Amino acid sequence: MEIIRNRQGNTFHLCNDEISYIMTVLPNGQMGQLYFGKRIREREDYSHLLETASRPMSSCVFDTDKKFSMEHIKQEYAVFGTTDYRTPAVEVIQKNGSRLSEFCFQNYRIESGKPGLPGLPAVYTEADSEAETLVIELMDKTTGLQAELLYTIFEKGGIIARSARFLNKGTEDLFLGSAMSLCMDLPDCEYEWIQFSGAWARERYPKVRRLEQGIQSVGSMRGNSSHNHNPFVILKRPSADEFQGEAIGFSLIYSGNFLAQAEVDAYHTTRVLLGIHPAGFQWKLEPEESFQTPEAVMVYTDQGLNHLSQTYHKLYQKRLARGYWRDRTRPILINNWEATYFNFTEEKLIEIAKKAKSCGVEMFVLDDGWFGARSLERAGLGDWTANPDRLPNGITGLAEKIEDLGMKFGLWFEPEMVNPDSDLYRQHPDWIIAAPDRKPSHGRFQYVLDFSRKEAVDHIYEMMAKILSEAKVSYIKWDMNRSITECYSGALPADRQGEVYHRYILGVYDLYERLTSRFPHVLFESCASGGGRFDPGMLYYAPQAWTSDDTDAVERLKIQFGTSYCYPVSSMGSHVSVTPNHQLNRNTPLRTRANTAYFGTFGYELDLNVLTEEEQEEVKVQTAFMKEYRNLIQFGTFYRLKSPFEGNITAWMAVSEDQTEAIVGWYRVLNGVNMPYTRLRLEGLDPERSYHVWTAGTDKKEASKESVHYGDELMNLGLITTDASCGEDVDRVCCDFNSRLYLLKA
Ligand code: DGJ
């Protein structure tokens, strides 16, 4: 890997074996984008790649030149209000009201490895040799505002991590009206835009549409990254699919308001912007003050969407997630939420835990309702001490009892929230996000604590740290159940109110950082009413997230499939729950619920005592199975094979790094009669090896005998998946919501 500055001293070529990223200083001093894509050869000069055009109705930079207009130039970090009429990456507001700026090249430096971003989550290196970072220093002379553009290229993979930081070197106060993490001008618009959107209980469905002249965007202005849209989009060539073709991913490592936008201009160039949503954002920079944007990660591939996803999986699993749990398989847990909701006693919890233990479950997690006056939604949030009526022995006593059973103990918190009916709110009514002259709206009868106030974060930290240091707590589920409204902080002056959303999320990150570093062995799972904050920012602190409140196996196929475009299997919280399912009222076989939940962190969200003895025996087999295969599933290479959005069958698989083991999940939503023959082409195997193939997680009567197949056969001809539904199902084994796991061993 090398970062090359060419002889003219104004062009930078970042490259590794897979990609090239080339940029240049333009004649007016601003930075121009020349190329991002598959690796091309190093040349002395790339100036021929710079296209300028004399076009009617253009505004031009140089007095004697009709061709040099920023409107027609592909740029690295576009500004507002000069000759470019597209959406800018940055807007600077001066004291005199001007919103113009012109950031020109001043200097550059190359750092080995990758610098961290203060107070913000970011990808990292473990050795300096893993990556190099190019820092381009720009200056807006009129205001004295310095901008640094950071580009990290890794030794391996089509990855470029980008961010921008600003330092006011002038003498007057300035305001950033927007400051995107990434601006990427692509030379054409022959792309399909894929966003990952939905709502509560149906998060991250991929939605595809062709780019057209104009703007297409997704974003969040809710204060959290949201259920509705994810801070991740893909541009893919129309001919690209899961297995081949060109695509670029754009992912923002951030958990607050965001905007992801593609703007196609009249000449069919495409500008991608990704960063903090400019709506409601304004950041004051007094002289010598600085601002760092969150980090954006671009991934280029010419080998299809599975390859793009695998690059993100590996990066986010190994160089975004941190700490003790990063490389460890996750404990099989049981969570009492769907088993009891708020209605529990210590005895009841122990009963649930005991049964779970006897079925092979490793950890018991106590969800909402254990603290303060929290016997329903209306009270208690903010009072993080155990409710003695429900838990006479406190959290310490309960945790001990769970540990005595031979299980680990986990606990639910919702640290960012407060109910009006709580001691915390009665003591500090000014600690909520609310405007002084307007009525605050509630969500689930709760207010959002103003985490831009250090004293509020400190207070919550003390309460949580006390419990964690007194009781044997091995896991925390960190929930967040409402979005921000009336965004205003009583602690900030009028001209800093545009900072509240971002300062809030910095406060969340600060609390996470303090707790994870003081309690490094505690496993954190983030959650926001299910998947309302499933983003890379959270993964930096919590290596897993509750994927969705929807635990129905069929719905989960879609949610987990969509989530897998960016996020690794090891990050997806997934549990088996009761039937009829609490969200869908649907009945699915127990094996299908497990076969879906295996492709995640795996656990149970029910009281196993309510299952029949036969079902409990099945659960024992499931937990034993997951213990044997979780390393392969959670850390193997994941392939999407068949999409639940395209047909009745869903399939995916995980392959071990050495290609000696694989496991295929096959799911059929509705049964059919006298069905056609079916085969499933597998991926990622060694074509030369022979594999023993057998089924598990299957109706016993349906279980096939072991057979032997070569990798090339399985990947080209496919695995035969035809079953009894193809003829007369005399054994009555096929049903709706059927599923199978195929195990492969070389
Ligand atoms: C929302 C979460 O997604 C659920 O799993 C559960 O923890 C509830 N909150 C508790 O209030």
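A polar contact is a pair of N or O atoms within 3.5 Å. Keep that cut-off in mind for the first exercise. The model used here is predicted.

**Exercise 1. The ligand and its polar partners**

Task: Find how far a nitrogen atom of the ligand is from an N or O atom in the side chain of Asp-479, and decide what to call the pair.

Solution:
- Step 1. Read the distance. A ligand nitrogen and a side-chain N or O atom of Asp-479 are 2.7 Å apart.
- Step 2. Apply the cut-off. A pair of N or O atoms within 3.5 Å counts, so this is a polar contact.
- Step 3. Look for other pairs. Asp-367 has a polar side-chain atom 2.6 Å from an oxygen atom of the ligand. For Asn-481, the distance from a side-chain N or O atom to a ligand nitrogen is 3.5 Å.
- Step 4. Turn to cover. On its own the ligand has 300 Å² of accessible area, and the protein covers 97% of it.

**Exercise 2. The shell around the ligand**

Task: State which residues come nearest to the ligand, and how many residues of each class the shell has.

Solution:
- Step 1. Start with the count. There are 13 residues around the ligand.
- Step 2. Pick out the nearest. These are Asp-367, Asp-368, Lys-477, Asp-479 and Asp-549.
- Step 3. Sort by class. The shell holds 6 charged, 4 nonpolar and 3 polar residues.

**Exercise 3. Two helix pairs**

Task: Describe how α6 packs with α7, then do the same job for α10 and α11.

Solution:
- Step 1. Know what to report. Two packed helices are described by the angle between their axes and the distance between the axes.
- Step 2. Take α6 (residues 454-470) and α7 (residues 500-518). Their angle is about 25°, and their axes are 10 Å apart. Angles under 35 degrees count as roughly parallel, so α6 is roughly parallel to α7.
- Step 3. Add the handedness. α6 and α7 cross in a right-handed way.
- Step 4. Take α10 (residues 590-597) and α11 (residues 613-635). They pack at about 20°, with axes 11 Å apart. Therefore α10 is roughly parallel to α11. The crossing of α10 and α11 is right-handed.

**Exercise 4. Backbone exceptions**

Task: Say whether the peptide bond from Thr-579 to Pro-580 is cis or trans, and give the phi of His-268.

Solution:
- Step 1. Recall the usual case. Most peptide bonds are trans, and most residues other than glycine have a negative phi.
- Step 2. Check the bond. From Thr-579 to Pro-580 it is cis, with omega near -10°. Pro-580 sits in the loop between β30 (575-577) and α10.
- Step 3. Check phi. His-268 has a positive value, near 65°. His-268 is in the loop between β16 (258-264) and β17 (270-276).

Terms used. Residues numbered from 1 in each chain as written. Predicted model: local features only at pLDDT ≥ 70, side-chain atom pairs only at ≥ 80, totals over all residues. Heavy atoms only, no water. Near = heavy atom within 4 Å. Polar contact = N/O pair within 3.5 Å; in protein donor to acceptor, adjacent residues only side chain to side chain. Areas by Shrake-Rupley, 256 points an atom, 1.4 Å probe, with all protein chains shown as cover. Nonpolar A, V, L, I, M, F, W, Y, C, P; charged D, E, K, R; others polar. Axes fitted to C-alpha atoms, helices over the stretch in contact; angles between N-to-C directions. Helix = DSSP H or I, 4+ residues; strand = E, 2+ residues; numbered from the N terminus. Parallel < 35°, antiparallel > 145°, perpendicular 65-115°, else oblique. Left-handed = near helix turned anticlockwise from the far one by under 90°.
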